[in-house]
Amino acid sequence: MNHENQTVFPSFLVVVIGALWGIYWVPLRRLESLAPVGPWLTLAVVLVGCLCLAPLAWRGRKQLAVSKPRALLSTALGGASFVLYSNGLIYGHVAVVILLFYLTPVWSTLIARFWLGLPASPWRYLAIVLGLIGIGLVLSGSHPGLPVPRTLGDFLGLASGILWSIAATGINAHSKTRAAETNFIFCAGGVIMGLVLALALNQPVPDISAGTIPAAVGWILLIGGLWWAFSLTGFMWATTRIEPARIGILLMSEVIVGAISAALFAGEPFSRLMALGGVLVVAAAMIETLSKPYHPRLGVKAKGIGHRAWSEPMR
């Protein structure tokens with residue numbers, strides 16, 4: 001079986017998982033409508049993901065025990081970034097938060113250049129320019145005035161993308177555990193961030209009425225099991241079998257599905273200016289991923305960010 005045939009199913013899986021995360025906001029906001037307590041909901045959801053993965057993590061405990069601290073910390077930071085992203089979807093406009101998260105080409109290029117000391121190609125600088133112009137147009141179309149983040153959702157989306165760029169670099173450089181083990185640490189980091197965020201935002205401990213408890217618990221189990229435990233484990237498995245450039249392109253399904261679903265089902269505005277900005281952000285992401293050479297021994301290529309060669313100055 002040739003390499004192309006071997007990547008058909010993993011590629012299909014990445015597209016499906018990207019689309020699934022594009023509608024992640026739907027059950028999340030439904031849960032928020034039942035129990036409007038923000039970060040506590042995300043904490044409960046990610047905790048369910050942890051519990052689902054705990055048996056597999058226990059089976060791979062020896063591998064986790066010998067993992068590099070940097071690998072574990074980077075993976076946990078990845079989960080923390082996704083919790084920020086999740087809360088951004090609760091407090092902000094879906095399309096804006098998704099595109100702020102996908103501004104990662106800017107941060108990943110800056111990390112490569114100034115943290116790891118690697119030269120940046122003209123293509124990477126082009127990705128930075130397109131990404132910044134694009135997100136400026138998106139913010140101009142969503143908020144009047146200066147094109148800067150203004151709402152809590154905006155800032156959470158921006159922070160999640162920055163933290164993810166840092167985390168993904170470390171994951172790609174050092175993580176050598178299997179997908180389920182990696183995702184357990186990922187979710188554990190999310191649990192910690194969920195608790196920190198709930199306390200930082202001074203959110204009261206959830207007080208849910210008895211009538212809504214069954215429905216709320218059902219949504220928590222669904223989101224934690226399907227999105228955090230199942231889909232992310234499948235994604236981490238698939239990304240070890242596909243070159244990063246293809247992953248970056250396939251994951252555009254998340255942006256497309258997220259923007260369309262928010263416009264159709266949440267009634268959120270998505271003007272021509274925002275659409276143009278979104279196209280530029282997507283173009284920046286594609287340029288950034290296509291500028292990376294294929295390396296046959298890839299680590300976890302989550303969200304298409306990073307390249308194993310980046311790890312050399314850190315060893």
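S160 lies in helix α10, which spans residues 152–174, in a model that is predicted. With a relative accessibility of 0%, S160 falls under the 20% cut-off and is therefore classed as buried. The protein chain around S160 contains 15 helices and 0 strands. The points below take up the surroundings of S160, a second buried residue, V45, the packing of helices α11 and α12, and the chain as a whole.

**Surroundings of S160**
- Beyond residues up to four places away in sequence, S160 touches S81, L84, Y85 and F101.
- These contacts belong to a residue of helix α10 whose relative accessibility is 0%.

**V45 in helix α4**
- V45 is part of helix α4, which covers residues 39–59.
- The relative accessible area of V45 is 0%, under the 20% limit, so V45 is buried.
- When neighbours within four places in sequence are set aside, the contacts of V45 are L31, I220, I223, G224 and W228.
- V45 and G194 are 149 residues apart along the chain, yet their C-alpha atoms are separated by 9.6 Å.

**Packing of α11 against α12**
- Helix α11 comprises residues 179–200 and helix α12 residues 213–238; the two pack with their axes 9 Å apart, at an angle of about 130°.
- Because an angle of about 130° lies between the 115 degrees that ends the roughly perpendicular range and the 145 degrees above which helices count as roughly antiparallel, α11 and α12 are oblique to each other.
- The crossing of α11 past α12 is right-handed.
- On the α11 side, the contact is formed by A179, A180, T182, N183, F186 and C187.
- On the α12 side, the contributing residues are W228, A229, L232, T233, M236 and W237.
- Sorted by class, the contact of α11 with α12 holds 9 nonpolar and 3 polar residues, with no charged residues.
- W228 appears in two of these settings: W228 is in contact with V45 and is also one of the α12 residues that meet α11.

**The chain as a whole**
- The protein chain has 315 residues, of which 57% are buried; S160 and V45 are among the buried residues.
- Of the contacts in the protein chain between residues at least 6 apart in sequence, 86% join residues at least 24 apart.
- About 13,400 Å² of the protein chain is exposed, and 72% of this area is supplied by carbon and sulfur atoms.

Technical notes. Residues are numbered from 1 along each chain as its sequence is written. This is a predicted model: local features need pLDDT of at least 70, side-chain atom pairs count only at pLDDT 80 or more; totals for chains, interfaces and linings use all residues. Side-chain values use heavy atoms; hydrogens and water are left out. Helices (H or I, at least four residues) and strands (E, at least two) are DSSP runs, numbered from the N terminus. Buried means under 20% relative accessible area, exposed over 50%, partly exposed in between (1.4 Å probe, protein chains only). Contact means heavy atoms within 4.5 Å. Axes are lines fitted to C-alpha atoms, for helices over the stretch in contact, and angles run from 0 to 180 degrees between N-to-C directions. Angles under 35 degrees count as roughly parallel, over 145 as roughly antiparallel, 65 to 115 as roughly perpendicular and the rest as oblique. A crossing is left-handed if the near helix is turned anticlockwise from the far one by less than a right angle, and right-handed if clockwise. Ala, Val, Leu, Ile, Met, Phe, Trp, Tyr, Cys and Pro count as nonpolar, Asp, Glu, Lys and Arg as charged, and the others, Gly among them, as polar. Accessible areas come from the Shrake-Rupley method with a 1.4 Å probe; for residues, only the protein chains shown count as cover.
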